[in-house]
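Me: I should like to learn how to read a structural model feature by feature. Please take me through the one shown here.

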Amino acid sequence: MKLNFPFTIKTVLFAPLLLLATSVFSQTYTVSGSVKDQKNGEDLIGAIIAVKEIPGKGTATNAYGFFSITLPQGSYTLMFEYLGYTTKEVAVVLDKNQSLNVQVDEASETIAEVIIEEDRPDKNIRSNEMGVTRLDPKSIATVPVLFGEKDIIKIFQMTPGVKSAGEGSAGFYVRGGGSDQNLILLDEAPVYNASHLLGFFSVFNSDALKDVTLYKGGMPAEYGGRASSVMDIKMKDGNSKRLGVTGGIGLISSRLTIEAPIVKDRGSFIISARRTYADVFLKLSKKDDIKNSSLYFYDLNMKANYRINDKNRVFLSGYFGRDNFGLADVFGFDWGNATGTFRWNHIVNDKLFSNTSLIFSNYNYRFNFNASGSDVKFSSSIQDWNLKQDFSYFPNPNNKIKFGANAIYHTFIPGEVESDYESFTDTKLTNRYALEGGAYVQNDQSITESFGIQYGMRYSYFNYLGAGKSYTFDDKGAKTSENSYGNWESIKTYGGFEPRVSAKYQLNKESSVKAQVNRAYQYLHLLSNSTTSQPTDIWVPSSNNVKPQIADQVAAGYFRNFKNNTYEFSVEGYYKLMKNQIDYRNGADLFFNDEAEGELVYGEGRAYGGEFYIRKQTGKLTGWVSYTLSRSLRTFEDINEGIEFSAKQDRIHDFAIVAMYELSKRVKLSANWVYNTGSATTFPSGKYEIDGKVVPLYTERNGYRMPANHRLDVGVTIDTKKTSQWALAHPDFESSWNISVYNAYARENAYSITFRQNELEPNRTEAVRTALFKIVPSVTYNFTF
Amino acid sequence: MKKNYMQTFLVAALVAVSSIALNSCTKVIEIELNEADRQYVIEGLVYEGAESIEVRVTKTTSFFDTSGPEAVNDAVVKVTMPGSSVVTLNAMGNGYYKADGLVITNEATYQLQVDVAEKTFTASSYMPASVALDSLEYEFSEGIFGGDDFYDVFLLFEDAIGLNYYRARAWVNGEYLNEPGEIQVFDDNLNDGNYIRIPIWVYQFEAGDSVEVELQSLSPETYEFYQTFALVASEDAGSPFTAAPANPDTNIKGGALGVFAAIATSRGVIEVPE
């Protein structure tokens with residue numbers, strides 16, 4: 001099958017012309033500044049700034065809480081709106097350019113009722129974007145989850161278009177793409193392996209997070225590097241008003257966050273730590289090898305920011321996390337990510353905002369075992385240095401322009417193995433190097449009051465560099481030639497234009513239609529010869545053999561709000577083509593193999609679906625209902641005789657309800673129910689005997705389905721009463737108990753189905769289902785002061 | 001060989017994690033499977049130093065069938081020996097075909113032809129030089145994850161220069177280790193030309209065991225078959241820790257499953273003391 005897409009460079013070059021289509025005012029002035037939370041000084045991202053006198057005109061704060069709006073000379077009332085906050089009105093007399101720093105206060109319950117009645121946000125209708133899901137970690141704090149560990153990725157898995165990679169897994173698939181096609185950014189730094197403990201937990205500690213946005217399709221041009229989605233996670237800046245402490249004690253882990261001003265209202269820091277303690281119980285064992293074992297992970301998030309003056313501000317953020325498994329002196333296995341970001345915000349002038357970032361990211365794993373007195377040590381890593389420059393330009397209220405460029409230097413250390421074993425030669429796989437660059441320009445433009453378009457173009461470039469080796473393989477994967485390259489010598493280059501366009505037409509005050517087309521390139525690939533994510537999965541660069549993955553997507557949607565924006569409803573449909581997808585030869589050995597590229601086969605994929613979403617964000621009852629109807633298919637010449645087959649994540653129906661109900665001021669109930677079609681899987685369609693063993697006969701790839709999954713989770717959060725003397729004396733101290741039950745009706749969802757010979761009757765074969773979690777209750781105590 | 005340790009470790013870790021949940025559960029379930037078309041299966045083994053060659057021809061059955069493999073007794077099975085002489089094997093019943101009184105040497109190519117029901121299947125296999133097993137050693141090992149203590153048995157041999165492919169088979173007190181997951185194949189990618197000391201990692205031996213070990217030298221195609229065969233013969237096949245399962249890579253042409261393998265061997269025996 002030939003998969004072609006009607007993208008040419010010409011068709012998108014029209015975009016910049018639209019910029020000129022705005023009316024020209026005689027004399028204009030600019031108000032710029034920031035919007036912050038009054039209580040803790042956190043910058044508010046995406047706060048709306050509306051002009052009361054000119055309905056439909058307005059802007060929003062960027063990722064650093066900065067805004068700029070340019071209007072004709074006159075007197076205006078600016079309204080600063082943010083969901084869950086009291087809208088603040090500020091009168092300005094515009095006869096010169098001016099700066100304005102606004103602080104808004106979190107709405108108290110009673111005021112919220114009144115204010116929100118007047119003006120509920122309708123961003124989902126008005127914005128030019130689509131295919132975007134945004135979650136504020138605070139708003140989903142009471143959702144019941146496995147082991148009581150608040151995990152933002154698990155919550156996203158219950159939104160439309162996002163599928164979990166398996167029961168309890170932090171891996172996810174977006175709109176039929178692979179789990180390695182999601183760009184997960186933590187303060188701009190890519191996180192290469194976002195899983196702890198074989199995937200049951202994500203590396204993101206919700207206490208340290210401010211805002212998480214998932215772009216499922218219409219990735220703005222500022223993002224690049226992955227084919228399916230971008231999950232942009234922003235850490236909190238830290239309380240710039242006073243010392244704040246938040247913590248929690250849970251069943252398997254505890255958390256503590258400390259934030260405080262460095263200089264009040266000028267700078268602040270936050271340190272947030274989490275550690276599991278399952279291994280504490282191991283110490284209770286009488287057996288030495290169990291006692292001396294380790295089984296834990298930890299996360300450490302740190303961030304500091306400082307405002308040097310009105311025009312300059314710097315941020316430093318870092319993340320360190322590690323999993324550690326060890327068994328006495330027999331095995332040791334640890335892995336983790338480290339990221340660091342240094343950012344410099346500079347306000348060039350009222351209309352031009354600049355951010356410069358230097359970003360570091362590293363993922364590595366180490367593995368050692370001791371067999372009969374000899375040690376074998378193994379290690380592998382991937383490391384990035386990224387320099388990035390972004391500008392936001394606000395020429396007038398109808399256009400928000402962003403442009404910038406970045407360059408990443410990747411270092412891949414696929415593996416080194418050392419041993420004092422006599423019969424062992426220390427070996428090192430060839431390191432790999434690559435340079436990845438991108439430049440983009442985009443504009444978010446209101447053309448008329450009801451018609452808006454966000455259009456951008458990204459050019460990305462990839463250079464696979466020496467020192468290193470390149471190989472060629474025959475069509476059976478056997479090496480045919482080998483070439484060596486010197487330092488910085490280019491082995492293979494790729495590049496391409498990535499157009500990103502989405503348009504909105506607002507039908508009326510309550511509804512709009514949107515459409516988008518976009519293309520994304522992916523130059524790094526994750527090799528994983530198993531159906532679940534493992535710490536040992538390896539990232540490889542595009543090379544002379546491995547071509548960049550390309551995803552082209554078209555999508556359209558209808559957005560409608562009901563009851564004065566109390567209910568948001570949307571339906572989106574998409575069709576996606578994926579080129580240069582990767583799969584593996586039978587019995588592929590990817591581990592410690594310099595010539596692993598010979599084990600790869602290449603094909604194409606397509607995915608399509610419809611996503612339905614109803615969300616209620618205010619009132620006593622909040623939550624959402626999500627339904628996704630979708631397919632994800634692959635075609636590989638070397639697999640399944642070239643016939644198109646279902647990708648593992650080809651689950652046709654995905655349904656989720658997430659509900660949170662405020663029973664009283666102190667008691668909040670929550671529940672979610674999920675249902676999905678089972679993953680596509682390969683089961684035998686016969687059997688035979690070789691070497692006296694019964695062997696399953698396979699006929700087609702992923703021709704079967706696992707049983708459907710469904711599950712109910714329930715939870716209750718109770719704020720502790722403030723009656724004691726101590727509590728009254730410490731009014732800032734608040735605490736709560738969260739009790740939750742995962743899989744409340746003990747559904748035995750199949751984690752795996754395998755086949756075996758019956759022990760007593762060798763001729764009898766049987767299917768065995770493993771279910772991981774039946775009822776899992778958990779209790780967490782949370783506090784803040 | 002490290003991969004195998006790692007896999008074991010990951011699975012052990014998973015077990016540890018799910019025992020935190022205290023309620024992971026495994027159940028035999030009823031499941032409906034499709035009925036694939038019956039296919040021919042050929043297993044032909046030529047061992048260095050043996051005086052006979054045995055080939056078995058069977059057909060696949062439906063997965064939950066309990067009557068065992070369907071024997072094919074009406075095939076014509078021929079083996080072309082290194083000197084181009086053609087030997088016709090006699091049907092012995094239950095799908096077995098055999099020829100006796102042969103001289104089987106290494107560093108030579110053997111060819112198979114099976115004709116049945118107007119179908120012809122052919123295969124060719126090169127028997128490499130044998131690598132001599134120098135000695136065997138045992139070593140005490142403490143049980144891991146609370147398991148029982150056990151003994152490791154090590155193979156010691158001088159690896160030949162160049163890529164070599166091996167399979168280790170063992171018999172414990174006369175019983176062939178033939179459970180799924182007891183297939184041990186390895187290459188010398190990381191220790192080419194060295195003096196190799198490698199354990200039988202698929203089995204934990206006990207005090208008092210009498211262990212017979214066979215070190216097989218395989219051609220690349222035979223190795224490829226046993227490597228991919230080990231993946232599907234394992235009870236882990238289809239679990240999330242493995243790749244999507246597929247039939248083993250066969251060297252038989254004409255559309256049959258199975259393998260025709262010429263294998264050079266070297267044997268040794270060791271007693272683990274009481």
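Me: Is helix H2(B) mostly covered or mostly uncovered, and how many of its 14 residues are buried?

Reply: This is a predicted model, and burial in it is judged by counting neighbouring C-beta atoms: a residue is buried if 20 or more others lie within 10 Å of its own. By that count H2(B) is mostly covered, with eleven of its 14 residues buried. Among them are Tyr223(B), Phe225(B), Tyr226(B), Phe229(B) and Val232(B). The polar residues Thr222(B), Glu224(B), Gln227(B) and Thr228(B) are buried as well.

Me: What distance separates the end C-alpha atoms of helix H2 of chain B, and what span should its residues give?

Reply: The general idea is to compare the expected rise with the model. Helix H2 covers residues 220-233 of chain B, and at 1.5 Å a residue its 14 residues should span 20 Å; the end C-alpha atoms are 20 Å apart, so the two agree.

Me: How is a sheet described, and in what order do the four strands of the open sheet in chain B run?

Reply: One gives the strand order, the direction of pairing and the edges. Here the order is S6-S5-S9-S10 in chain B, and the pairing is antiparallel. Strand S6 (86-88) and strand S10 (119-127) of chain B are the edge strands, each pairing on one side only. From one strand to the next, the twist averages 20°. Between S5 (residues 76-80) and S6(B) there are three bridges; Val79(B) has Val87(B) as its bridge partner in S6(B).

Me: Which residue in the loop between strand S9 and S10 of chain B deserves a look at its backbone?

Reply: A positive phi in a residue other than glycine is worth checking. Ala117(B), found in that loop after strand S9 (108-116), has phi near 45°. Ala117(B) is exposed, with 8 other C-beta atoms within 10 Å.

Me: Is Asn702(A), which also has a positive phi, buried or exposed?

Reply: The same two checks apply: backbone angle, then surroundings. Asn702(A) has a phi of about 50° although it is not a glycine. This residue lies in the loop between strand S44 (693-697) and strand S45 (704-705) of chain A. Asn702(A) is buried because 20 other C-beta atoms lie within 10 Å, and 20 is the number at which a residue counts as buried.

Me: Where is a cis peptide bond found in chain A?

Reply: Omega is the angle to inspect. The bond from Gly466(A) to Ala467(A) is cis, with omega near 0°. Ala467(A) lies in the loop between strand S28 (451-465) and strand S29 (468-473) of chain A.

Me: What radius of gyration does chain A have, and what would a compact globule have?

Reply: Overall dimensions are compared with a rule based on chain length. With 785 residues, a compact globule would have a radius near 28 Å; chain A has 27 Å, which agrees. Its C-alpha atoms fill a box of roughly 90 × 70 × 45 Å along the principal axes. Chain A has seven helices and 50 strands, and 49% of its residues count as buried.

Me: Where in chain B does pLDDT stay under 50?

Reply: Where pLDDT is low, the predicted coordinates should not be read in detail. In chain B that caution concerns residues 1-7, where pLDDT stays under 50. Chain B as a whole averages 86, and 89% of its residues score at least 70. The model scores ipTM 0.90 and pTM 0.87.

How values were computed. Residues numbered from 1 in each chain as written. Chains lettered and ligands numbered in written order. Predicted model: local features only at pLDDT ≥ 70, side-chain atom pairs only at ≥ 80, totals over all residues. pLDDT = per-residue confidence, 0-100. Contact = placed C-beta atoms within 7 Å. Pairing = 2+ DSSP bridges. Helix = DSSP H or I, 4+ residues; strand = E, 2+ residues; numbered from the N terminus. Axes fitted to C-alpha atoms, helices over the stretch in contact; angles between N-to-C directions. Expected span 1.5 Å × (residues − 1). Buried ≥ 20, exposed ≤ 12 C-beta atoms within 10 Å, placed from the backbone. Rg over C-alpha atoms; globule rule 2.2 N^0.38 Å.
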